[in-house]
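Hi,

Here is the structure I said I would pass on. Have a look at it first, and then read on for what turned up.

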Amino acid sequence: MRTFDTIARLRDELRSCRHSGNTVALVPTMGNLHDGHIRLIETAAAAADTVVASIFVNPLQFGRNEDLSSYPRTLIEDQNKLQEAGCDLLFAPTEQEIYPRGRDSQTRVEVPVLSDLYCGETRPGHFSGVTTVVCKLFNIVQPDIAVFGEKDYQQLRIIRKMVSDLCIATEIISVPVVRADSGLALSSRNGYLSTQELEQAPALQRIIRTTAEALTQGRRDFSQLEHEATLRLEAAGFRRDYFRIVRRSDLAPATDSDSTLVILAAAWMGPARLIDNLELEL
Ligand SMILES: Nc1ncnc2c1ncn2[C@@H]1O[C@H](COP(=O)(O)OP(=O)(O)OP(=O)(O)O)[C@@H](O)[C@H]1O
Ligand SMILES: CC(C)(CO)[C@@H](O)C(=O)[O-]
Ligand code: BAL
């Protein structure tokens with residue numbers, strides 16, 4: 001696997017890949033790779049001839065008081081893991097390479113409505129940062145396929161809308177949430193948790209499942225279910241950010257007539273803001 005830190009060199013390499021008739025899949029990440037990321041790489045390798053991963057801790061998607069400076073940066077370990085997983089090219093640019101004229105003057109890509117809900121409500125500007133950098137990565141790599149995880153459920157929906165609205169010729173493939181044996185969704189931010197918090201954190205997934213079972217058994221008092229889930233989260237040591245039962249079509253709050261749903265949740269365990277979700281069909 002070869003690592004590139006400039007757009008120009010990566011493009012040169014990709015030009016010769018395409019010249020030999022290879023299809024290209026891109027896996028965008030922020031690094032500190034775990035088995036969830038590796039599953040994305042394996043999915044990309046099964047779907048295209050050349051796999052490009054990117055590692056870029058994108059400052060545009062972090063709020064002022066968030067963990068941009070402390071976000072784990074583990075390039076050497078990540079390179080070893082990518083190589084082993086069958087990644088061909090790694091793009092690991094500096095901030096200067098991606099935002100040469102500075103963060104504030106960067107042209108933005110905004111996906112309306114969806115970007116303001118849930119994670120977007122708590123993290124204003126977050127999704128504008130995500131769609132801006134993902135659009136740039138798509139323009140740099142021009143991948144036939146791009147692979148994203150379903151753990152970041154709202155992000156995936158927003159990226160699909162961006163691709164559709166901007167007629168981007170990249171097929172988006174998604175990968176189900178990869179979990180630890182405890183049920184906890186793998187996440188780089190799990191590394192912020194103490195041993196005790198790591199034991200408590202799988203409760204997030206269990207509480208989502210309890211809510212899904214209540215829905216399956218016929219309950220439709222959505223607000224009450226969300227309230228009960230919040231109490232359970234607090235009892236398990238979480239501080240709830242949001243816990244919402246929504247319909248899959250547009251991620252609006254579920255109504256009695258909706259049967260294709262997803263539960264979306266974000267909650268703080270100590271220093272880590274964790275997200276998780278579960279799709280269900282009633
Ligand atoms: N457990 C997981 N299962 C499937 N995909 C995942 C998982 N964790 C991350 N991904 C996917 O990997 C890609 C890169 O995500 P990112 O580098 O932010 O990792 P992360 O572990 O989600 O980190 P963070 O703690 O910042 O949320 C995204 O498409 C994300 O959805
Ligand atoms: C898609 C992404 C790599 C853009 O910075 C990031 O939001 C992530 O890691 O999910
Ligand atoms: N996986 C989402 C990246 C972020 O939280 O900024």
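To start with the ligand site: how do the residues of the shell around ligand 2 divide into nonpolar, polar and charged? The split is 5 nonpolar, 4 polar and 1 charged. In sequence order, the residues around ligand 2 are Pro28, Thr29, Met30, Asn58, Gln61, Val130, Val133, Val134, Asp152 and Gln155. Helix α6 gives the largest share of that shell, with 3 residues. Two elements, β2 and α6, each supply at least two residues of the shell.

Before you go further, keep in mind that this is a predicted model. The protein chain has an average pLDDT of 98, and 100% of the residues score at least 70. For the complex, the predictor gives an ipTM of 0.98 and a pTM of 0.98.

Now the sheet. It is open, has 6 strands and pairs them in parallel, in the order β1-β4-β3-β2-β5-β6. The edges belong to β1 (2-4) and β6 (171-175); each has a single partner strand, so one side of each is left without a neighbour in the sheet. From one strand to the next, the twist averages 25 degrees.

If you want one pairing to look at, try β3 and β4. Strand β3 (residues 50-55) runs parallel to strand β4 (residues 89-91), and 3 bridges join them. Val52, for instance, stands opposite Leu89 in β4. Helix α6 (residues 126-141), which we met at the ligand, packs on the sheet and touches β2 (24-29), β3 and β5 (145-149). The direction of α6 makes about 150 degrees with that of β2. So β2 and α6 turn up twice: they touch each other, and each supplies at least two residues of the shell around ligand 2.

One helix pair is also worth a look. Helix α2 (residues 35-47) and helix α3 (residues 75-85) have axes that come within 9 Å and cross at roughly 35 degrees. That crossing of α2 and α3 is right-handed. On the α2 side the contact is made by Ile38, Ile41 and Glu42, and on the α3 side by Lys81, Leu82 and Ala85. Those residues divide into 4 nonpolar, no polar and 2 charged.

That's what I have for now. Shout if anything is unclear.

Cheers

How values were computed
Residues numbered from 1 in each chain as written. Chains lettered and ligands numbered in written order. Predicted model: local features only at pLDDT ≥ 70, side-chain atom pairs only at ≥ 80, totals over all residues. Pairing = 2+ DSSP bridges. Helix = DSSP H or I, 4+ residues; strand = E, 2+ residues; numbered from the N terminus. Axes fitted to C-alpha atoms, helices over the stretch in contact; angles between N-to-C directions. Contact = placed C-beta atoms within 7 Å. pLDDT = per-residue confidence, 0-100. Left-handed = near helix turned anticlockwise from the far one by under 90°. Nonpolar A, V, L, I, M, F, W, Y, C, P; charged D, E, K, R; others polar. Near = placed C-beta within 6 Å.
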